[in-house]
Each structure stands twice: as C-alpha cells, then as structure tokens.
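Student: Can you walk me through this model, a piece at a time? I'd like to start with single residues and work outwards.

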Amino acid sequence: YINNETSEVKKMKRNLKRAVSVLLAAAMIFGITAFIGEFDIEGVGIKAEASNYTSGYYTYTVDNGNARILDVDTAISGDVVIPSNLDGYPVTEIYASFNNCRNITSVTIPESITIIEGRIFSNCLSLTNITVDINSKYFSNDEYGVLFNKDKTELIRHPIDNERTSYNIPDGVTKIRGHAFSSCFHLTSITIPESVTSIGLYAIDGYNLTSVTVDTANKYYVSDEYGVLFDKDKTELIHYPGGNERTSYIIPDTVTSIELNAFASSDKLTNITIPDSVTTINSGAFQNCYGLTSITIPDSVTTIRDRAFWICDSLTDVYYSGTEEQWNNITINDERIKEIFSTDEWIIDGNYNRTIETRLQYCDTVFLFDLPTEVCIQGATERLGKGRYDMPWIENEDEEDTEFIEFIKSYNTQSR
C-alpha cells in the first residue's frame, strides 16, 4: 500500500516522501523478501540504488572507495581471516555479517576494520575464538576470544562455542551490545560489573544460562537470589535465565513491566505468579515456555504486546482477575508499530491480521505478492536452521516442521 497526502502525489515518482507499506500475502509470512538501500517510485516499482558485489565468500558494497561487508557465504569454514581488501577496495566495515556460518571455528579481524554494526557472528555454532589485529585502533579481544571495542568499554560478541561455563564481564565495560551472548550454550552464569550502564536487546540469551549476577554497586541493574536480571529499582524484569531448574517463580511486586523475551525458552517453569503491580507484558515475554500450564493475569495489566505467550504448548488455562470490561480495555498491540507510523518514511512487510486495518489507514500503497504455494514452501525450507533475532529459539532447528508446511499448503483456502 502506498499512502501520501494529495499535494505530494506528483513527487512520488522521485521520492518516497511519506510511507510505503508492503503487504506480502502468503509468501511473506515465511520471510522471503527484504528491502535495502535508497528507494524511488517508478510507476508501481521500487528499485534499489546501491550495488552489491561478490568476491569469494563475501558480498560487499562500496562507499567512498571503501568496502563494507554485507554478507558471507555460509559455506565458509575453519579458521577465517577477514580480508583487509576486496577487489582493490580497502575493507573498513562489517555490517550484520557472518550469521549462520556454522563451520567457522575462529575469526581474525584485520586492522583495516573501523566499524562493526548490526548482529554479527549469530548462529556460528562452532566459533570458539575472535581475534583482532593488535594494531587495530577500533577493536580488541580478551584472552577468552571475546570481541570488544578498542578500550573495552563495549562488549560486542562472545563466541558461541567457547567452552567456558562462566564469564565475568571485565570491569570498565559500560555497554553490552544486543545479542552479545545470544545462543552461547556453554555458558551457565554471567557476572555483570559495577561499570555497566547499558544492556542491548537480547544481549543476555544463553540457552543453558542458570544465573545472572550483578555487582551490588551497579547503579543501573540488579539481580535477585535466583539469578534474575532487573533494572536497578526492580520495576523492569529484563531476563529470567532459561536454564534455571526452578519450576515456579514469583515475580517481585515492584515489577511494572515484563520486558522483551524476559522468560523466553524457560521451559522448566510450570507456574509463574504475576503480581498486581505489573501493567505491561512486552513482546515475547513468555514465548516458548513449553512447561507453563496456567497463568493468571492481574487486572493491573493494561498492555499485552504481540507474541507474549507464543508457542506455550502446555498453556491451557489463562485467568484474568478483572472484569470483562477491564479485559476489553487492555491494549493488545505493538507500540513499535505506532512509532513507525509517526515517521515520514516506512516499509512494513507481512500480512499480519492484527495490524492490517491500521496499516491500511496510514499507508500510501500496498504491494501484493501473491506467490504460488510451492514457492512459499521453498522459502520456508531454505530458511531452515537460519536464525532470526525475534525467534532465537529456532536457530538450531534443522528439521522441517510438517505442521507448518501443512499450514502453508492450506493457507489460500483456510487462512487467507
């Protein structure tokens, strides 16, 4: 859908001035398409201005004479030395790359790299060590092969297959980048020092993690006796360690917000008590809690975000302590959608029923990709084993989900 103010219609062929919503039918449920780069509208088409190049395992783009690595062929393996030059262009940036490269065991980052952005080394299940050229002015590593910025104030990435079971984040680190510990299945405990002031989304995400311990002198974060991570005043529950053996947990009555993916994949929990101090249950808060059988939502809750209880296969009873009128007044929505709508330019893909009416109201144009069922199945099959930041628990799955394939086959007749 394309939407624009009437006065702007003549400009649409030149620039996307306001908003584009891409509503992809059956195929886009399965994550087939992404848009990158500058966009112009030419009739009903969209074209990307930037050009990508391939050299060996690497896909890159060129900006001001320098190469930025955008993707790496997952066939790459062994001890990898990132090139400092690609086809004559100095390699200075790595952007959201080396994801799903399951057979690399170590990575060496050259002196030439000045920027590392986005999610990196995700789902590299054999990666044990990251080494940075000692002459680098921008990045460094510690003795355990963990990647930092140069002065070690930002922890960027812990290698997934490093066999250490515990890790003490060094004093002096102020920022833990998002996904820094994602899928680190050997880790059972992480210690956060006094110096940390910022923890990115999905930063603490080890499958077997049993506890997170925060230095008591830290002014921004705190942990409880069960190894659960909170903000300092315990109003935000940030992360419950999924490997904790407890079967029940009572959320403290200071908590007002259960954060993104806070309990995700805590499959040993069968019972969770939510106090009447909680007002917000954020996206994916309890997703993939396979053992959870029942839960009571207090009448204090005013907002439940998307996928809050997604894939809780054993959850048969959900109770609400308030009235029907109060329940009907709960906002079951994604505030991120509203934030996107408030900007001048945006693209949203997917045919999610919950937000269709709102997108139709705000967008300028709809592009409908009505692809054949066999193409949709191919897209779902090719994505097997590939990680997604919003679905970290499926990163290691390689087997075809027959139930999902049947859903694709019946989509046009039963769900469309």
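Student: Is P241 buried or exposed?
Tutor: Keep in mind that this is a predicted model. P241 has a relative accessible area of 0%. Buried means under 20%, so P241 counts as buried.

Student: Where does P241 lie, and which residues is P241 in contact with?
Tutor: The place to look is the loop between strand 24 and strand 25 (248–250). One partner, L209, is 32 residues away in sequence, yet the C-alpha atoms are 5.3 Å apart in space. Setting aside neighbours within four places in sequence, the contacts of P241 are L209, T210, S211, Y226, G227, V228 and S266.

Student: Which backbone oxygen does the side chain of H239 reach?
Tutor: H239 is in strand 24 (residues 236–239). H239 counts as buried, because its relative accessibility is 6%. Beyond residues up to four places away in sequence, H239 touches I204, D205, L209, V212, V228, L229, N261 and A262. Among these partners, the one whose backbone oxygen the H239 side chain reaches, at 3.3 Å, is I204.

Student: What is the strand order of the open sheet that includes strand 24, and which strands stand at its edges?
Tutor: This open sheet has 7 strands and mixed pairing, in the order 22-23-24-26-28-30-32. An edge strand has a single partner, so one of its sides is left without a neighbour in the sheet. That describes strand 22 (221–223) and strand 32 (331–332).

Student: Which residue stands opposite V222?
Tutor: Strand 22 is joined to strand 23 (residues 229–231) by 3 bridges, and the two run antiparallel. Opposite V222, in strand 23, stands F230.

Student: What about the open sheet of 3 strands: what is its order, and by how many degrees are neighbouring strands turned?
Tutor: The order is 8-11-13, with parallel pairing. Strand 8 (77–81) and strand 13 (129–132) are the edge strands, each pairing on one side only. Ignoring direction, neighbouring strands of this sheet are turned against each other by an average of 15 degrees.

Student: Which residue in strand 11 is opposite V80?
Tutor: Strand 8 and strand 11 (residues 103–109) run parallel and are joined by 5 bridges. Across from V80, in strand 11, is V107.

Student: Which residue takes a positive phi in the hairpin of strand 5 and strand 6?
Tutor: Strand 5 (residues 52–55) and strand 6 (residues 58–63) run antiparallel, with 4 bridges between them. One opposite pair there is Y53 and Y60. This hairpin has 2 residues between the strands, and the one with a positive phi, near 60 degrees, is G56.

Student: And which residue does that in the hairpin of strand 6 and strand 7?
Tutor: Strand 6 pairs with strand 7 (residues 66–72) in the antiparallel sense, over 6 bridges. T61 has R68 in strand 7 as its bridge partner. There are 2 residues between the strands in this hairpin, and the positive phi, near 55 degrees, belongs to N64.

Student: Which backbone nitrogen lies 3.1 Å from a polar atom of the S136 side chain?
Tutor: S136 sits in the loop between strand 13 and strand 14 (139–141). S136 is buried, at a relative accessible area of 2%, and its contacts beyond four places in sequence are E111, I113 and K150. The backbone nitrogen at 3.1 Å from the S136 side chain is that of F139.

Student: Why are the buried residues of helix 4 on the same side?
Tutor: The buried residues of helix 4 (residues 373–382) are C376, G379 and A380. They are on the same side of helix 4 because the arc they cover around the axis is only 95 degrees.

Student: How many helices and strands does the protein chain have?
Tutor: Across the 416 residues of the chain, 45% count as buried. The secondary structure comes to 5 helices and 33 strands.

Student: Over which residues is the pLDDT below 50?
Tutor: The chain averages a pLDDT of 83, and 81% of the residues score at least 70. One stretch below 50 has 131 contacts in the model beyond near neighbours in sequence, and that is residues 1–49. Another has 23 such contacts, and that is residues 392–396.

Technical notes: Residues numbered from 1 in each chain as written. Predicted model: local features only at pLDDT ≥ 70, side-chain atom pairs only at ≥ 80, totals over all residues. Heavy atoms only, no water. Pairing = 2+ DSSP bridges. Axes fitted to C-alpha atoms, helices over the stretch in contact; angles between N-to-C directions. Buried < 20%, exposed > 50% of the residue type's maximum accessible area, 1.4 Å probe, protein only. Polar contact = N/O pair within 3.5 Å; in protein donor to acceptor, adjacent residues only side chain to side chain. Contact = heavy atoms within 4.5 Å. pLDDT = per-residue confidence, 0-100. Arc of directions from axis to C-beta.
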